[in-house]
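Got the model open? Let's go through how a few of its labels are earned.

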Amino acid sequence: MLRKAQQLFGLALATFAPVLVAQESASEGSQQVLNMPVGVTTVANQVYDLHMLIFWICVIIGVIVFGAMFWAMYFHRKSVGHQAEHWHESLKAEITWTVIPFVILIGMAIPSTTTLKELYDTSEADLDVRVTGYQWRWQYAYPETGVTFLSELVTSQDQIYNLDEKGQFYLQEVNNPLVVPVDQKVRLLITAQDVIHSWWVPDFSVKKDAIPGYITETWFQVDEPGIYRGSCTELCGQGHAFMPIVVHAVEQEEFDSWMADKQAEAEALAALTSQTFTLDDLMARGAEVYARTCAACHQAGGQGIPPAFPALNGSSVVLGPVDGQLDVLINGVSGTAMQAFGALLNEVDLAAVITYTRNAWTNNTGDVVQPIDVFNYAQGQ
């Protein structure tokens, strides 16, 4: 019997020890591995406190239950002369094991309900941001300012395919992070254009599904400036691991300056639509656009991953009429993994990547597609 008790104690220790070790490591400032992060927002702190409250309630219940069991097994064992009790339908026992769990559940429900109400209250936001998930990138839009941009992975293909040493933030680097001001309530309006994604930043205690044709809401308010990282947590396809989330929380003055720069950048980009570029300029820009937007599917050398992602090197679409390739890039191809990039890339980037693919690798059409060509084609649909 004593050996059985030792085995049960070992099982209990193995159950609780890893979490206790993780909690102790967190108090020493090391990275938490088994426990959830404390977070950097008020709601995240409430979620963490709720998590630890429920955890310790479970620990106390476990200690009491296992302690009572071990005590009864040792001091009431048959070898010391104890005889088994014969009783049933005890009103006191029935009341006790009904009332105590009821009180415990009420004690857990009150703080849980308070935290959930706070978590889902998206009213009175200071800033709205529309988040749209695409395979495999995020689009952020600030409706009140007209600023819209894509946030895409910039980790090099050499790192991904183990041809280069992986950096500190491997698969967690983006070209355009989401920028928000501190001490401001930011409401996210989250949706998707192709499949279900999920926007998750653990430091904010925010995890919300992005569902095509449906808008979900969540919010956060960061108290301290910093860079916070997350990822898509929905298995959204072949490039699921390649759509990280990076959020820069900055002071209000820095945010205002960043927003002014973004608005000026949008105006300058609109002016570029009517500009004529040289082949070399388009090839250079097209190579950058292709590397961050197309290479994950069609590969750096344009060889693709048939049959899901056809090769672009020697492709009949790429080597065919320009209008055909414009149609594919702007509208996508129904029933395939080729999505519509008309709402994702601006006219300059579309012209650049088309020119690049038509003149890269063994493709040598000599075609030069200008931004105004893309604009005119889109307007003429």
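Q: Which residues of α5 are buried?
A: This is a predicted model, so everything here is computed from predicted coordinates. In α5, the buried residues are F255, W258, M259 and K262. Buried means under 20% relative accessible area, and those four residues get that label.

Q: What makes the buried residues of α5 lie on the same side?
A: Look at the arc they cover around the axis: only 100 degrees, which puts them on the same side of α5. There's a general reason to expect such patterns: an α-helix has 3.6 residues a turn, so residues three or four places apart point the same way.

Q: Which residues are exposed on the other side of α5?
A: Those are E253, D261 and E267. Exposed takes over 50% relative accessible area, and these three are classed that way.

Q: What covers the buried residues of α5?
A: The cover includes β1 (127-134), β2 (137-142), β3 (147-151), β4 and β10. Helix α5 (residues 252-272) also packs on a sheet, touching β4 and β10 (244-250) there. Its direction makes about 135 degrees with that of β4.

Q: How do you know what span to expect for α5?
A: Take 1.5 Å times one less than the number of residues. α5 has 21 residues, for which 30 Å is expected. From its first C-alpha to its last it reaches 30 Å, close to that expected value.

Q: Why are β3 and β8 said to stand at the edges?
A: Each has a single partner strand, so one side of each is left without a neighbour in the sheet. To count as a pair, two strands need at least two bridges between them. The order in this open sheet of five strands is β3-β2-β1-β5-β8, and the pairing is mixed. As for β2 and β3, five bridges join them and they run antiparallel; Y142 has V147 in β3 as its bridge partner.

Q: What are the edge strands in the sheet with the order β4-β10-β9-β6-β7?
A: They're β4 (178-181) and β7 (206-210), since each pairs on one side only. This open sheet also has five strands and mixed pairing, and its twist averages 25 degrees from one strand to the next.

Q: What joins strand β6 to β7?
A: Five bridges do, with the two strands running antiparallel. That clears the requirement of at least two bridges for a pair. Among the partners in β7, K207 goes with W200 and V206 with V201. Their hairpin has four residues between the strands, and S205 takes a positive phi near 55 degrees.

Q: Which side chains along β7 are buried, and which are not?
A: They alternate: V206, K208 and A210 point to one face and are buried, whereas K207 and D209 point to the other and aren't.

Q: How many disulfides does a search of the whole structure find?
A: Zero. Take C232: the nearest cysteine sulfur belongs to C236 and is 3.9 Å away. A disulfide needs the sulfur atoms within 2.5 Å, so C232 is in no disulfide.

Q: Why is C232 called buried, and C58 partly exposed?
A: The 20% cut-off for buried settles the first one: C232 has a relative accessible area of 4%, so it is buried. C58 comes out at 38%, between that cut-off and the 50% needed for exposed, so it counts as partly exposed.

Definitions and conventions: Residues numbered from 1 in each chain as written. Predicted model: local features only at pLDDT ≥ 70, side-chain atom pairs only at ≥ 80, totals over all residues. Heavy atoms only, no water. Axes fitted to C-alpha atoms, helices over the stretch in contact; angles between N-to-C directions. Contact = heavy atoms within 4.5 Å. Buried < 20%, exposed > 50% of the residue type's maximum accessible area, 1.4 Å probe, protein only. Arc of directions from axis to C-beta.
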